[in-house]
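Reader: Please take a close look at one part of this structure for me. I would like to hear about salt bridges. Set the scene first, then go through the details.

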Amino acid sequence: MAMAMVRSGLLRTALRGGSRSPSAPPKRGFASSAHHDDAYETAKWEKITYLGIATCSALAIYSLSKGHPHHEEPPAYPYLHIRNKEFPWGPDGLFETKHH
């Protein structure tokens, strides 16, 4: 069993490209960092974010500083079924209030 594990480990190592020196870690290649500097990209997107925050804040201040139009009250239509009947528990409310 142990011998099979050693053989499979050696086989995997051979298929991956041979043995590497233990002091050199494997180099990982990412597609996004192939031609760009990560610090440059980070700084660029940080500037874009701050510009977006400033733009949205300015538009919000401009939009909220202007007044908005007030509409006229709608006419009292008879089909709105407005109830003018007194409440069955009286005008003071449902619960009794004690005045001291």
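**A salt bridge and its setting**

Author: The protein exposes about 10,700 Å² of surface, and carbon and sulfur atoms supply 63% of that area. Keep in mind that this is a predicted model. The chain has 100 residues, of which 1% count as buried. Its secondary structure consists of two helices, with zero strands.

Now to the part you asked about. How many salt bridges are there? The count comes to one. The partners are E41 and K44, whose side chains meet with a nitrogen-to-oxygen distance of 3.4 Å. That falls within the 4 Å cut-off, so the pair counts as a salt bridge.

Where do the partners sit? Both belong to helix α2. Three residues separate E41 from K44, about one turn of the helix.

Are these two residues buried, exposed or in between? E41 has a relative accessible area of 22%. Buried would require under 20%, so E41 is classed as partly exposed. K44 has a relative accessible area of 30%, and K44 is partly exposed too.

Past the helix, the surface has another feature. Helix α2 covers residues 38-65, and Y77 is found in the segment after it. Together with Y79 and L80, Y77 forms a nonpolar patch on the surface. The accessible area of the three residues together is about 360 Å². Y77 itself is partly exposed, at a relative accessible area of 39%. Patch residues need over 30%, so Y77 passes that cut-off.

Terms used
Residues are numbered from 1 along each chain as its sequence is written. This is a predicted model: local features need pLDDT of at least 70, side-chain atom pairs count only at pLDDT 80 or more; totals for chains, interfaces and linings use all residues. Side-chain values use heavy atoms; hydrogens and water are left out. Patches are made of residues with over 30% relative accessible area and no salt bridge: like charges are joined within 9 Å, nonpolar side chains (Val, Leu, Ile, Met, Phe, Trp, Tyr) within 5 Å. Accessible areas come from the Shrake-Rupley method with a 1.4 Å probe; for residues, only the protein chains shown count as cover. Helices (H or I, at least four residues) and strands (E, at least two) are DSSP runs, numbered from the N terminus. Buried means under 20% relative accessible area, exposed over 50%, partly exposed in between (1.4 Å probe, protein chains only).
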